[in-house]
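Trainee: I have a structure open in front of me, and I am not sure how to begin reading it. Could you walk me through some features?

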Amino acid sequence: MRRALLLLPLLLLVANAPPERGQEVFTRRCAPCHGAGPGNDGAAMLPGTAALAARHGKDLPAPLEQRGDLDEATLRMIVRNGIGAMPMFRKTELGDQDIAAIALWLQHRNRPSALNQEAPQGKRARPAPN
Amino acid sequence: MAILPPGISAATFATALEALRGAVGADWVFSSDDDLGPYRDSFSPVWDTPAERRAGAAVAPADVGQVQAIVRIAAQHAIPLFPISTGKNFGYGGPSPNVPGSIVVDLKRMDRVLDIDDRRHFALVEPGVSYFDLYRAVQERHARVWIDCPDPGWGSPVGNALERGVGYTMGPFRDHFGASCGIEAVLPNGEVVRTGMGALPGSGSWQEYRHGFGPDPAGLFAQGNFGIVTKMGFRLMPAPAHYRTGRITVPRRRDFVALVDKVNVLSDSFTIGEAVYGSPLAALMGRPDFLALATSAGGPSDAAMDSAASAAGLPSWQVELQFYGTEATTAAQWDHARDLILSAIPGALAQAGEHFPLPATEEQVLNRSQPYHSLIRRNGALGIPSLGIWKIVRDNGHVGFFPVLPRSGEACFAMQRVLGDALREFPLPPYFSAVTAPLYWHTHAFQMVFAPSVRRDDPAHNAMVDRAMRKAIAVAAEHGWGDYRAAPVYQDAVSATYGFGDHVLRRMIETMKDSIDPQGIIAPGRGGIWPRRYRQQEHA
């Protein structure tokens, strides 16, 4: 209960932040492994996307950006504990606020009204200036 | 429950943590089990065993002043520290320390790119800067320089160089520590030292002349424990205008000797970038008969391998060459390289590969258009950081043994045979066989790789991998081959193999360590160097 109360200001702060912040964090921190588009040197997918494709098959979209089912708690659990070949990430790399922002963006991006719009082309996640 | 360093009471540790909170802010001192979970080595071969090295706490400073404060607090309480940069040293311990209970000094918050100069071609960075960050900064500033990055790209130029990691472009830049120029570090007494021209106040040459005057201690910080590096300079390659590739194949197994000799000439005269060796016969390893031949005890005969190659219609070896320059210069260099090799090896064939002006298009970066099966990692070859290499990670990661061997075909054949035989008893894929090619990442040396996977849910497998690693280290050393880098659990074993003169090198460095770090607070055990107070203990 106490932990939930402590997290409440954080959630409020993130909830009021524009979803684009989550996209920015996702692009920098997650997309190089979990983005859509081809992998290196002829690989069909980036490694994280390939791992999720192997894990979920056709049950769930492989590119993380197409997942609207991942809430902040689930993301934080995976980020902090790792899974399979994915290592853990420290707070200095990806803070709780960053994870919450990503969750908010994923939910915003994959909300039913957004899904009716044209999907992105699945461009390669190249390092970008911003 | 808190893991305490040896000889430190819970009360002392708690007092130190409170002082650290005062120095950096409570938000940046991590001591709960949840917060320390990500400081474990996710690739640990001893995961969840008593041998696992786990942090007692972590602290994340924002600047050099806070690093100094941390060091002084640690010295006051004799608590070991373990600095990490971006903490991505997977296969080599990751963010976890040598000594259980150490306080990890997480430098990720110190993430400024302090300078990029594209007239004199250098950069100066803090340890928390990743290769992604530096690449982005180069792009933002439209600087006409390239970085040389390893795989994966989330590592730190500072951290990777201090591990003596390597990359993929031109020789002088592939050696990341060799390409460094100028270090700033916090010493165990809390003072800040600068090496090279940085020791001369007002010098503008800190990132151009690394030696300064007198003995150069820069090497003590690489795989060492003489301070916490807070800034590091790097030489950068001027951005080339054109990139060109080509492949040379040779028909017979023994042709590899002459091939390596000629490629050495090209590399040492700065004509080529990373030469990527491979054996087309590796494609036959899925056939039981060829697998048995290539992994036969004592190694197969040249005649048997040549017969197999002939029957398959495949050359025995290939090397891919890479050129950086202008369209005209790279074309001339390729012509020269091709002529040099083909004139020396009967039956050698050359095939021009892709070439294009730089910067590369997205399609060219994807490396899908070579007219032959290419082993080049295109992102690395173009100095573009990525995480694509993670596709090779199996299970919960791997450990790494990358023995250094002479840059000759004969040495390659010997390592194939010796380590192939030595590891035969272990139920692992054949890392060393008659088709194992050398890696040519370091500027003047070859390496081969032994990187078995680890599984957190299979302690028996991990124990087997551990035995295999220790046997590989020992057998390699018997033949003059040593590892270039090791995880904390293997650093003592590797250090022990560098035992010339009854381990005089280690004893010399221990003497310096005891003088500069009398309390042994900076990364005790790193590089196999233990401070006096730990040396009485056994370190296996």
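Mentor: Let us take the chains one by one and then turn to salt bridges. Keep in mind that this is a predicted model.

Trainee: How many helices and strands are there in chain A?

Mentor: A good habit is to list the elements before looking at details. Chain A has six helices and zero strands, and its pattern along the sequence reads α-α-α-α-α-α.

Trainee: What share of chain A is buried?

Mentor: Here we ask how much of each residue is still accessible, with under 20% counting as buried. Of the 130 residues in chain A, 44% are buried. The accessible surface of this chain comes to about 7000 Å², and carbon and sulfur atoms hold 57% of that.

Trainee: Which residues of helix 3 of chain A are buried, and what do they pack against?

Mentor: For a single helix, look for the residues that are covered, then for what covers them. Helix 3 of chain A runs over residues 47–56, and its buried residues are A:P47, A:G48, A:T49 and A:L52. They pack against helix 2 (19–34) of chain A. Just after helix 3, look at the backbone too: A:G57 has a positive phi of about 55 degrees.

Trainee: Now chain B. How many helices and strands does it have?

Mentor: We start with the same kind of list. Chain B has 17 helices and 18 strands.

Trainee: What does the radius of gyration say about chain B?

Mentor: The idea is to set the value beside the one expected for a compact globule. For 540 residues that would be near 24 Å, and chain B has 24 Å, so the two agree. Its C-alpha trace spans about 75 × 55 × 45 Å along the principal axes. Buried residues make up 61% of the chain.

Trainee: What share of the contacts in chain B join residues at least 24 apart?

Mentor: Here you look at how far apart in sequence the contacting residues lie. Among contacts in chain B between residues at least 6 apart, 72% join residues at least 24 apart. In chain A, the share for residues 24 or more positions apart is 59% of the contacts with a separation of 6 or more.

Trainee: Where do the charges of chain B lie on average?

Mentor: You can take the mean position of each kind of charge and see how far apart the two means are. Chain B has 49 positive and 54 negative charges, and their mean positions are 1 Å apart.

Trainee: How many salt bridges are there over all chains?

Mentor: For these, look for oppositely charged side chains whose N and O atoms come within 4 Å. The count is 43 over all chains. In chain A, A:E93 pairs with A:R90, with 3.2 Å between the closest N and O atoms, and both residues are buried.

Trainee: Are B:R194 and B:E184 buried or partly exposed?

Mentor: These two form a salt bridge at 2.9 Å, N to O. The pair links distant parts of the chain, with B:R194 in strand 9 and B:E184 in strand 8, ten residues apart. B:R194 is partly exposed, with a relative accessible area of 36%, whereas B:E184 is buried at 3%.

Trainee: Which parts of chain B do B:E354 and B:R378 link?

Mentor: Their side chains meet in a salt bridge of 2.7 Å, N to O. B:E354 belongs to strand 15 and B:R378 to helix 12, 24 residues apart. Both residues are buried. Salt bridges can also share partners: B:R506, B:E510, B:D514, B:R532 and B:R535 are joined into one network in this way.

Notes: Residues are numbered from 1 along each chain as its sequence is written. Chains are lettered from A and ligands numbered from 1 in the order in which they are written. This is a predicted model: local features need pLDDT of at least 70, side-chain atom pairs count only at pLDDT 80 or more; totals for chains, interfaces and linings use all residues. Side-chain values use heavy atoms; hydrogens and water are left out. Buried means under 20% relative accessible area, exposed over 50%, partly exposed in between (1.4 Å probe, protein chains only). Helices (H or I, at least four residues) and strands (E, at least two) are DSSP runs, numbered from the N terminus. The radius of gyration is taken over C-alpha atoms; the globule rule is 2.2 Å times the number of residues to the power 0.38. Contact means heavy atoms within 4.5 Å. Lys and Arg count as positive and Asp and Glu as negative; His and the chain ends are not counted. The place of a charge is taken as NZ of Lys, CZ of Arg, CG of Asp or CD of Glu. Accessible areas come from the Shrake-Rupley method with a 1.4 Å probe; for residues, only the protein chains shown count as cover.
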